[in-house]
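Please give a short report on this structure for someone who has not seen it before. Keep the sentences brief.

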Amino acid sequence: MGKVIVVTSGKGGVGKTTATANIGAGLASQGHSVVLIDTDIGLRNLDLVLGLENRIVFDLVDVVEGKCRSVRQALIKDKRFDNLFILASAQSREKDSVKPAQMKKLCDEMKKSYDFILLDCPAGIEMGFKNAIAGADEAIVVTNPEVSAVRDADRIVGLLEAAEISKIRLLLNRVRLGLIARGQMLSVDDIQDILSIELLGQVPEDERIVHSSNKGEPAILDSRSKAGNAYRNVVARILDPEVPMQNPDTSIWSRLRRALTADLGAQAG
Amino acid sequence: MATASLDSGMVLKNTRHGLLASLREDADWLTLISEIDALRARGLEALDDDAVTFDLGWREITAGQFDLLIESLHRQGLKCRGILSTSHQTRTVAEERGYRAIIGRLGLAKHQGRQLRRAAKAPQDVEPPAVEAEEPAVCPPVEGPPETTAVSAAASSPEQAEEQLSVVPSTEPDSASQEQGKVERSNAAPKAESPPPPTPGPEAQAPVPEVEEPAPQLAPSFGDEEPTLYLRRTLRSGQRVVFAGNVVVLGDVNPGAQVEADGDVVVLGHLRGSVHAGCEGDTGATVIASSLAATQLRIADAFYQQANERQFFKKSPQNGTMRARLCDRKIVVEPLPVR
C-alpha cells in the first residue's frame with residue numbers, strides 16, 4: 001500500500017514543484033515506484049521541470065472525466081527512471097474541473113499499485129488546495145525563511161490539521177546562510193517557534209536550480225548542485241526518519257570547525 | 001438586519017437559522033411581553049418557519065415569566081426554538097420545559113460588564129461597585145450572523161475544528177454534542193456545513209447535549225462565575241475565536257490568528273496574533289499573556305500603540321507575564337502583579 005504525500009505551501013514560488021520533482025526523482029532512484037501528480041490545473045509546470053512536456057497526451061482532468069481508459073494510459077514514464085511516472089495537469093481547464101471526491105478516489109486507486117504518490121499542490125487555499133489534500137495521508141509544507149511565507153505556511157498547517165492529515169513535515173527551502181548569520185533572515189528556530197512541526201530538511205538557495213529547470217533535469221541528479229545534495233538528504237530522511245539532517249552549512253571551513261568542536265565537546269564532557 | 005429602536009427592549013435579527021430576538025437584560029419583563037405580543041403583527045418576513053430564538057443574556061427569569069413568554073408565542077401561532085442565556089437559572093427553567101438552552105449572550109443592555117451584573121445580583125443594601133464615570137462607546141452590536149457570539153461555555157476538552165459554525169438554533173443533536181466555544185474556523189472549509197432543519201416543535205427539542213457546565217450543583221455558587229472558553233491548543237494563522245465571555249488559551253496565538261472576547265483574554269503561551277478584549281464595551285477587560293507580543297491589541301474601543309513597531313522576528317519579549325488594561329481610556333501594559 002503506497003503513501004500519498006501532498007507537497008504544499010500556501011505561498012507561491014517557494015519551491016513546491018522543484019521539491020516534488022526532486023524528491024520524486026530521489027525516491028525513484030532508490031528503487032521505489034513513484035507517481036507525481038500535478039494538481040495545479042490551468043498552470044501546469046511539473047512536466048516542464050522534468051523535461052517531459054512534449055510527451056503529455058492525457059492529463060489529470062481527462063482521467064477524472066473518464067476520457068482515457070485508465071490512469072495508466074495518462075501516466076508518462078520519466079526519461080531517466082523506469083519507476084518514476086508523472087500525471088500532468090491540464091493547461092486549458094480551470095480549477096473547478098476536478099472535485100475533491102474525485103481526487104480522493106484517484107489517490108486511493110493509485111495507492112494500490114505504487115509506493116509513493118506525490119501531489120504538487122497549487123498556491124493558495126481554495127479549490128486547488130482542497131483537491132490536492134483530499135486524498136493525502138501525509139503532507140510536506142515547503143516554506144522559505146521569510147515572513148510572508150511563514151505566515152502562509154502557518155495558515156496551511158492549520159488547514160491541514162483541520163483536515164486531519166496526521167503527518168505534517170516542514171521543508172525549509174531557499175535558505176541563505178549568510179543572511180541568517182547576519183540576523184537578516186529567519187532561522188530555523190524562529191520558524192519552528194511559530195510552526196512547530198517536524199523538520200524534514202533544509203535546502204540552500206542555489207543558482208543551479210534555475211539551470212536544472214531550464215534543462216528539464218531535476219537538480220538531485222546534478223552532483224555540483226548544493227540544493228541537489230540537500231534533496232538527497234531529504235529523500236533519505238523520508239525513507240528512514242533516523243537519518244540525521246544534513247547541516248546546510250557545507251563549506252569546508254565550517255565542516256572542519258564542527259568536526260573539531262565536536263571532538264572537544266566529547267573530551268570535555 | 002436588526003429592527004426596532006434602541007428604546008424598545010427587543011432587537012430582532014434575521015439570521016440564517018430564523019429569527020433571533022434579543023431582549024434587554026434590564027428591561028421590564030411585562031413590557032417585553034407586550035412587545036413580543038406584537039411580533040406577528042409586525043409582519044416580518046422572517047417568520048416562515050414560525051420559530052423564534054430568544055437571547056436573554058444574563059437575565060434571570062422565573063418559571064412564571066418564561067411561561068408568559070411561551071403563552072405569548074402560542075397566541076400568535078409561534079414557537080420558541082430555543083434560548084441563549086448565561087444564567088444557569090434561566091437555562092434550567094427553559095430546559096425543564098423542553099426547550100434548548102445555549103450558554104451565551106449577545107448583550108443588548110448597555111454593557112458595563114461584570115459591574116452591572118453584580119449590581120443586579122447583589123443584595124439591595126450593598127452599594128454596587130463604582131461604575132466608570134463616562135460611558136465608553138458601546139461596541140456596535142454584533143455585526144453579521146449572531147452565531148459568532150452565541151456559544152456554550154464548555155470547560156476543557158479541545159474542540160474539533162470541523163464543528164459547525166452555527167451554534168445557535170442548530171437542531172442536529174449529534175453535531176451539537178461537540179459545541180465548545182464558537183471557534184469560527186475557515187478551517188471548516190473541507191467539511192460542508194449542512195443547514196439544520198427547522199424544529200418541528202418543543203417536544204422534539206433535543207436536551208442540551210453533553211456540555212460541561214461549571215458544575216454549580218457540586219460546589220457552592222459564588223454568584224459571580226463568568227462564562228469562559230478554555231482552549232488547549234495553539235491558534236494558527238487564519239483561525240478566529242469569538243466568545244461572549246472570557247477566553248483562556250493554553251498554547252500560542254500565532255500571528256494571523258484572532259481572539260475576540262467580551263471579557264478577559266488570557267494566553268498561557270506567546271500571544272502574537274490580534275486580540276480584542278471587552279468587545280462589547282467592557283472597559284474592565286484585560287489581556288494577560290506569558291509573552292505579550294500581539295500584532296494588534298484592543299480593549300473595548302481603545303488600541304494599543306506600541307512604542308516602536310516591532311520586527312516580526314525580534315526575539316520574544318523577555319519581561320515575563322504581562323497584563324494590558326485600560327487606564328483612563330489608554331491601554332497600559334505592565335507586569336502582572338503578584339499578590
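The report below goes from the confidence of the model to its cores, aromatic pairs and single residues.

## Confidence

This is a predicted model. The predictor gives the complex an ipTM of 0.80. The pTM is 0.64.

Chain B has an average pLDDT of 68. In that chain, 56% of the residues score at least 70. Two stretches of chain B fall below 50. One is residues 1-6 of chain B, where the pLDDT is below 50. Beyond near neighbours in sequence, residues 1-6 make 14 contacts in the model. The other is residues 124-210 of chain B, again with a pLDDT below 50. This stretch has 180 contacts in the model beyond near neighbours in sequence.

## Chain A in outline

Chain A has 269 residues, and 54% of them are buried. Its secondary structure consists of 12 helices and eight strands. Take the contacts in chain A with a separation of 6 or more: 76% of them join residues 24 or more positions apart.

The exposed area of chain A is about 11,900 Å². Carbon and sulfur atoms supply 49% of that area.

## The nonpolar cores

Which residues touch the most other members of the largest nonpolar core? They are I37(A), M110(A) and L160(A), in a core of 49 residues. Helix 7 of chain A, residues 147-162, gives this core its largest share, six residues. Apart from this core lies another, of 38 residues. Its members include I23(A), L52(A), Y231(A) and V235(A). In soluble globular proteins, nonpolar side chains tend to be buried together.

I37(A) shows how one core residue is surrounded. Leaving out residues up to four places away in sequence, I37(A) touches L46(A), L60(A), L87(A), L106(A), M110(A), I117(A), L118(A), L119(A) and D120(A).

## Helix 6 of chain A

Helix 6 of chain A spans residues 127-134. Its buried residues are G128(A), F129(A), N131(A), A132(A) and I133(A).

What do these buried residues pack against? Their partners in chain A are strand 1 (3-8), helix 5 (100-111), strand 5 (116-120) and helix 7.

## Aromatic pairs

How many aromatic pairs does a search of the whole structure find? There are two over all chains. One is formed by F85(A) and Y114(A) and is edge-to-face. The centres are 5.7 Å apart, with 65° between the planes. This pair links distant parts of the chain, 29 residues apart. F85(A) is in strand 4 (residues 84-87) of chain A, and Y114(A) is in the loop between helix 5 and strand 5. F85(A) counts as buried because its relative accessibility, 18%, is under the 20% cut-off. Y114(A) is buried too, with a relative accessible area of 8%.

F66(B) and Y99(B) also form an edge-to-face pair. Here the distance is 5.6 Å centre to centre, and the planes meet at 65°. F66(B) lies in helix 2 (residues 63-75) of chain B, while Y99(B) lies in the loop between helix 3 (88-96) and strand 6 (100-103), so the pair ties together parts 33 residues apart in sequence. F66(B) and Y99(B) are both buried.

## Cysteines

The structure holds zero disulfides over all chains. Two cysteines can be placed by accessibility. C68(A) is buried, at a relative accessible area of 7%. C327(B) is partly exposed, at 32%.

## L177(A) and two positive phi values

L177(A) is in helix 8 (residues 177-181) of chain A. Is L177(A) buried or partly exposed? Its relative accessibility is 33%, so L177(A) counts as partly exposed. Not counting residues up to four places away in sequence, L177(A) touches P248(A) and D249(A). Its C-alpha atom is 9.0 Å from that of S187(A), 10 residues apart along the chain.

S196(A) is not a glycine, yet its phi is positive, about 50°. This residue sits in the loop between helix 9 (188-195) and strand 8 (198-204) of chain A. R329(B), a residue other than glycine, also has a positive phi, near 65°. R329(B) is found in the loop between strand 17 (322-327) and strand 18 (330-335) of chain B.

Note on methods
Residues are numbered from 1 along each chain as its sequence is written. Chains are lettered from A and ligands numbered from 1 in the order in which they are written. This is a predicted model: local features need pLDDT of at least 70, side-chain atom pairs count only at pLDDT 80 or more; totals for chains, interfaces and linings use all residues. Side-chain values use heavy atoms; hydrogens and water are left out. A nonpolar core is a set of buried Ala, Val, Leu, Ile, Met, Phe, Trp, Tyr and Cys residues joined through side-chain atoms within 4.5 Å. Buried means under 20% relative accessible area, exposed over 50%, partly exposed in between (1.4 Å probe, protein chains only). Helices (H or I, at least four residues) and strands (E, at least two) are DSSP runs, numbered from the N terminus. Contact means heavy atoms within 4.5 Å. Accessible areas come from the Shrake-Rupley method with a 1.4 Å probe; for residues, only the protein chains shown count as cover. A disulfide is a pair of cysteine sulfur atoms within 2.5 Å. Rings of Phe, Tyr and Trp (its six-membered ring) pair if their centres lie within 6.5 Å; planes under 30 degrees apart count as stacked, over 60 as edge-to-face and the rest as tilted. pLDDT is the predictor's confidence in each residue, from 0 to 100.
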